[in-house]
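User: I'm new to reading structures, and I'd like a close look at one part of this one. Could you set the scene and then walk me through it slowly?

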Amino acid sequence: MSRALRLLGRILLGTLGVLLLAGAWEAYKALGPSNGVLIGDTTVLPRTTDLAMPHVWEIVTKFSDPVNSFSGTDTVGSVVWSACLFTLKLSAIGWVIGVVVGLVLAVLMARFRLAESAMLPWIVLSQTVPLIAIAPLVRRWGSQIHIGGWVWSSENSVSVIAAYLAFFPVAVGALRGLRSPDATHLDLMHAYGVGWWRTLVKLRLPSSVPYLLPALRLAAASSVIGTVVAEVSIGLRGGVGRLIIEYAQSAGGDPAKPWAPILGAVAVGLVAAGAVGVIGLLCRPYRRGEAT
Amino acid sequence: MISSSTTESGTAVEVAGLSRVFPRRRGDDVRALEDVQLTVSQGEFVSLIGPSGCGKSTLLRIIADLDAPTAGSVTVFGKSAQQARLDQDYGIAFQQAGLLPWRSVADNVALPLELHGTGSRARKDRVAELLELVGLGDFARAYPDELSGGMQQRVAIARALAESPRLLLMDEPFGALDEITRERMQGELVRICAETGAAVVFVTHSIPEAVFLSDRVVVMTPRPGRIIDIVDSGPGDDGRRDDDFRDAAGFFHTVARVRELLHGGPGAHAVAAIRGVENR
């Protein structure tokens, strides 16, 4: 009973948060100067014209409007919905690849000091390369891959780029987690005459869970961002990234339209983070130490 | 008065000419142990006592093959320390209980059995038996974070006893407990040792604890860690180690003797001795 009440309370709080945000948007739009707030020549708060800040209800009703005046079939909502599913699928694949690669790297680094000193600087360095720069490279290299009847597609490139962002937090977080067992626990395993790999399974992996879960959540957010950016820079159709660019071009005549795919991208990110939350629930026994 | 009161035939641990040097960068190496000789008979309870930094834990770790000596030899039941470790000839408990937080009490006790391939049926029976032995029969399904420090330590002792070792190595297992819990745990340890007949090497820096528990108390000095003397600590007049023994004249006499040895060392050691040893 009290659990159901608590759940209801959380749902209400969440709804209240969204409503507050919408209220703040409308309040600023109503009260703020139409040219925005300027300090010198720099705009520090945006213009409040209908072009810059469409009304919240216009953004919401936009989802049920047809995409354009020529085809009366698809609504903006249904197009954004299928684009979101497309993007979610690619980023999920990217997340899985990133998590597997990150875990393998972390285990290697935890096992061999040499591997850590050889790889860790490069892993950190890899994240300083702009995504825009590597996206076309990945596509070009990928397009030369043909295995049997299978041909590398642009979708594969997008997932790989998402994985490129996602593997980093996993590798770093898992490495810390694998190093986290107490000296007493390691002594105990040694006293039992257990080798490194069995210690990994029985001790190091379970005790890395509290470090791994935030890393997985970060990886989920990163892979969504990676997917959207890669869709834009590769020019892949079908996903939210492309839709954001496409709808931005019609912002002049239809200012509410670009907000639809942006909200869609936010929703994809929330779903991805929520999925990791479910993993966290499944790993509950391994998180007993977290509170203390 | 070095003596060897053997309660059973055969030796459990034989340490001869043992030294351990921890090398440091600028050449001022730490001589943790120097020329240590020690024999522990089967079924005998031996305590190592001395101020912090006298190498008593290092000695225990070397017997457990968790550390290697610089010179000298260690044999455990006639084998090398490494072989004894691989054969699971000893059980070990540390100052931290070291329970795995994601395993229930029963699963923690079962850990060594599980790692060494005991069948699940035999495992279950043995765990129930061990939890009964340490008085935690009702807590099999609890998790370590739900237990008090003393209860956690009892689980750790049950785990150390899981494979019925003939030797128990204990590194200040009651060091983090309050005085009342500590005395009760000491009483239980005496009972458990009597029931299992295992030899025990017990590291502590509490003089009354060492005297209460041990057949012999090994008194050590720091830097380099050496054995000054080994004191016999006979049980009370009725031959039992119980709460009456704590009030017996013989108990106070032995405590005074150990304290004298700890404080009466060469001047340089006296200060460290006063700082590092509990006289409670």
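Analyst: Let's begin with chain A, whose secondary structure consists of 10 helices and four strands. Keep in mind that you're looking at a predicted model. If you trace chain A from its N terminus, the elements come in the order α-β-β-α-α-α-α-β-β-α-α-α-α-α. Its C-alpha atoms fill a box of roughly 75 × 60 × 45 Å along the principal axes. Of the 292 residues in chain A, 33% are buried. Now look at contacts in chain A between residues at least 6 apart in sequence: 71% of these join residues at least 24 apart.

Next, hop over to the partner. Chain B touches chain A with 15 residues, which meet 16 residues of chain A. On the chain B side, two elements each give two or more residues: α2 (81-86) and α3 (105-115). That side of chain B has 10 nonpolar, three polar and two charged residues.

Chain B itself splits into domain 1 (1-89 + 168-240 + 258-265) and domain 2 (99-164). The centres of these two domains of chain B, taken over C-alpha atoms, are 25 Å apart. Where they touch, 10 residues of domain 1 of chain B are in contact with nine residues of domain 2 of chain B. Helix α6 (residues 179-196) of chain B supplies the largest share of the domain 1 side, namely four residues. That domain 1 side counts seven nonpolar, three polar and no charged residues.

Now for the part to zoom in on: the sheet in chain B. A bit of background helps here: the strands of a sheet pair through backbone hydrogen bonds, and they can do so parallel or antiparallel. This one is an open sheet of six strands with mixed pairing, and its order is β6-β7-β8-β3-β9-β10 (chain B). At the edges sit β6 (90-93) and β10 (226-232) of chain B, each pairing on one side only. Ignoring direction, neighbouring strands in the sheet are turned by 15° against each other on average.

Zoom in once more, on β3 and β9. Strand β3 (residues 45-49) of chain B pairs with strand β9 (residues 216-221) of chain B in the parallel sense, over four bridges. To find your place there, look for Leu48(B), which stands opposite Val218(B) in β9(B). Finally, find helix α9 (residues 249-263) of chain B, which lies across β3, β9 and β10 of chain B. The helix α9 of chain B runs at about 170° to β10(B).

Terms used: Residues are numbered from 1 along each chain as its sequence is written. Chains are lettered from A and ligands numbered from 1 in the order in which they are written. This is a predicted model: local features need pLDDT of at least 70, side-chain atom pairs count only at pLDDT 80 or more; totals for chains, interfaces and linings use all residues. Domain bounds come from an automatic or database domain assignment. Two residues are in contact if their C-beta atoms, placed from the backbone, lie within 7 Å. Ala, Val, Leu, Ile, Met, Phe, Trp, Tyr, Cys and Pro count as nonpolar, Asp, Glu, Lys and Arg as charged, and the others, Gly among them, as polar. A residue is buried if 20 or more other C-beta atoms lie within 10 Å of its own, exposed if 12 or fewer, and partly exposed in between; C-beta atoms are placed from the backbone. Two strands pair if DSSP finds at least two bridges between them. Axes are lines fitted to C-alpha atoms, for helices over the stretch in contact, and angles run from 0 to 180 degrees between N-to-C directions.
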